[in-house]
Amino acid sequence: TITVSKNFWTQSSVNNHDCPKTISDKKRCSFDIMKRIKKLFMILFFIAVILIAGIAIFIMQPSFGKLPYGTRPQQVVESPHFVDGVFKPPYFIRPIGEGHSFFTMGKRLFFEKRQVTPKVTIPSIKHDLKVIPLDQDVLIWLGHSSYYIQVNGKRFLIDPVLSSYAAPVFFVNKAFDNTTPYSAEDFPVIDYLLITHDHYDHLDYRTIKKLKKKVRKTICGLGVGEHFLRWGYRSENIIESDWYQTISLEDNFTLHTLPTKHFSGRFLKRNPTLFMAFALQTPDFKFFLGGDGGYHEDFKKWGDQFGPFDWVILENGQYNEAWKDIHMMPEQTVQAAIDLQGKNLLPVHNSKFALSFHSWDTPIRDIERLKPSATLRIIRPMIGDFVFLRDSTQQFEHWWEGLENEATDHKNK
């Protein structure tokens, strides 16, 4: 009869009897065990090789961009803010807020039931951008932190994400329905494309590729230009800047580059490129284009130095007390606008992607409840609609009101 051993590691492949019985059997059994271990390690090795090769191929996708170690590394390493291979912001940033931990945040992320996406379609509007008279001064919010400014005969496009997702893969960070009414093809020639930092919800590979033939000049932080070079942009049309620089543009336009309390990176490495805000001065207007970042006291200094600002565009969304050092809370957004001596505040970074625990409309409702100073006007236009820069009396529909009730009514029918 054949006896099958219950122990995998002591079953002999030399014969069909239990192992071991004799010294010879012991040697054969040991040899067999070593063969099995070797075979197992070879299988694991090949699995590891396949995984590593797969990851390597995956991160070689052009959507990841390129670290600034290619054709223009010198200006990066010569920056006084580039220390130990990364950019160091001039502000202290806590990894996580007081009273919070990575454990509690992970617990909320994976086990807490949350309704962060809209239950109904968010309204948006689409205009023909190519027929807007060049002497018409307008701003169009494109959802999240993307917006288009036509002012004093120049066209600016800031952090455009015109795709249905803001990630290297299509199934991550998907945009809400109807929040991307414009495509790259809808835009006229862009005089200046401004990029505040290289996170996927501000620098979108698919959008940038499609805009290439329309963009005259790209202005970004140090290191970010390497992404554009990989994506086919010409070096002479890219202006990379350090913090605290002044860039003279055409026709008496001036751009000041300023730090933000934030970070950068498109894969594992943190802060390989510069992240910034812009103070834009045109012949008739002053804009503060804030990008992402936490609140800091330099806003007040910049208000005195570069303000007062006619238009302040600051983030208000994807916030949480646990990471308010890198994303302002609503009351901080309002305070920053006041510090900057802003006349009009456009709160952005909301209504398109779900990157926090709050519901999609919480940022709009939270800032609506705040009572700013009498000199600050807060506007909340519909995605894609005109904001007329010279019309201080323009009214905006409260487009977000009733949407959740509408979803509930529809569900009950």
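In this predicted model, pLDDT, the predictor's confidence in each residue from 0 to 100, stays under 50 over residues 1–17. For this stretch the model has 25 contacts beyond four places in sequence, a contact being heavy atoms within 4.5 Å. Over residues 405–413 the pLDDT is likewise below 50, and 3 contacts beyond near neighbours in sequence are present there. Where pLDDT is low, the predicted coordinates should not be read in detail. For the protein, the mean pLDDT is 89, and 88% of its residues reach 70 or more. Residues are numbered from 1 along each chain as its sequence is written, and side-chain values use heavy atoms, with hydrogens and water left out. Because the model is predicted, local features need pLDDT of at least 70 and side-chain atom pairs count only at pLDDT 80 or more, whereas totals for chains, interfaces and linings use all residues.

An open sheet is formed by 7 strands in the order E9-E10-E11-E12-E13-E14-E15, with mixed pairing. Its edge strands, each paired on one side only, are E9 (245–248) and E15 (377–378). Helices (H or I, at least four residues) and strands (E, at least two) are DSSP runs numbered from the N terminus, and two strands pair if DSSP finds at least two bridges between them. Strands of a sheet pair through backbone hydrogen bonds, either parallel or antiparallel.

Strands E12 and E13 run parallel and are joined by 3 bridges, with Leu289 standing opposite Ile313 in E13. The chain crosses from E12 through helix H6 to E13 in a right-handed β-α-β crossover; right-handed means that, with the strands pointing away from the viewer, the path from the first strand over the helix to the second runs clockwise. Strands E13 and E14 also pair in the parallel sense, over 6 bridges, and the bridge partner of Leu314 in E14 is Pro347. The β-α-β crossover from E13 through H7 to E14 is right-handed. Strand E14 (residues 342–348) is in turn joined to E15 by 2 bridges, in a parallel arrangement, and Leu345 has Ile378 in E15 as its bridge partner.

Helix H6 (residues 298–306) lies across strands E10 (254–259), E11 (276–281), E12 (286–289) and E13 (309–315). The helix runs at about 165° to E10, where axes are lines fitted to C-alpha atoms, for helices over the stretch in contact, and angles run from 0 to 180 degrees between N-to-C directions. In the loop between H6 and E13 is Pro308, which is joined to Gly307 by a cis peptide bond with omega of about -5°. In E13, 7 of 7 residues are buried, that is, under 20% relative accessible area (exposed being over 50% and partly exposed in between; 1.4 Å probe, protein chains only). Helix H7 (residues 330–339) is mostly covered, with 7 of its 10 residues buried, among them Pro330, Val334 and Asp339. The cover of these buried residues includes H6, E13, E14, helix H8 (362–369) and E15. Just after H7, Gln341 takes a positive phi of about 60°.

Most residues other than glycine have a negative phi, and most peptide bonds are trans. Two further residues with positive phi are found in the loop between strands E5 (154–158) and E6 (190–194). Asp159 has a phi near 45° and is buried, with a relative accessible area of 1%. Asn173 has a phi near 55° and, at 17% relative accessibility, counts as buried.

A nonpolar core is a set of buried Ala, Val, Leu, Ile, Met, Phe, Trp, Tyr and Cys residues joined through side-chain atoms within 4.5 Å. The largest contains 45 residues, of which Ile149, Phe156, Leu194, Phe287, Leu289 and Trp399 touch the most other members. Two or more residues each come from strand E3 (138–141), strand E4 (147–151), E5, E6, E11, E12, E13 and E14. Neighbours within four places in sequence aside, Phe287 contacts residues including Ile149, Phe278, Trp311 and Leu389. A second, separate core of 26 residues includes Ile195, Tyr205, Phe228 and Trp231.

Leu389 lies in the loop between strand E16 (386–388) and helix H9 (403–412) and is buried, with a relative accessible area of 6%. Beyond four places in sequence, the contacts of Leu389 include Val138, Ile149, Phe285 and Phe287. The C-alpha atoms of Leu389 and Asn344 are separated by 9.6 Å, the two residues being 45 residues apart along the chain.
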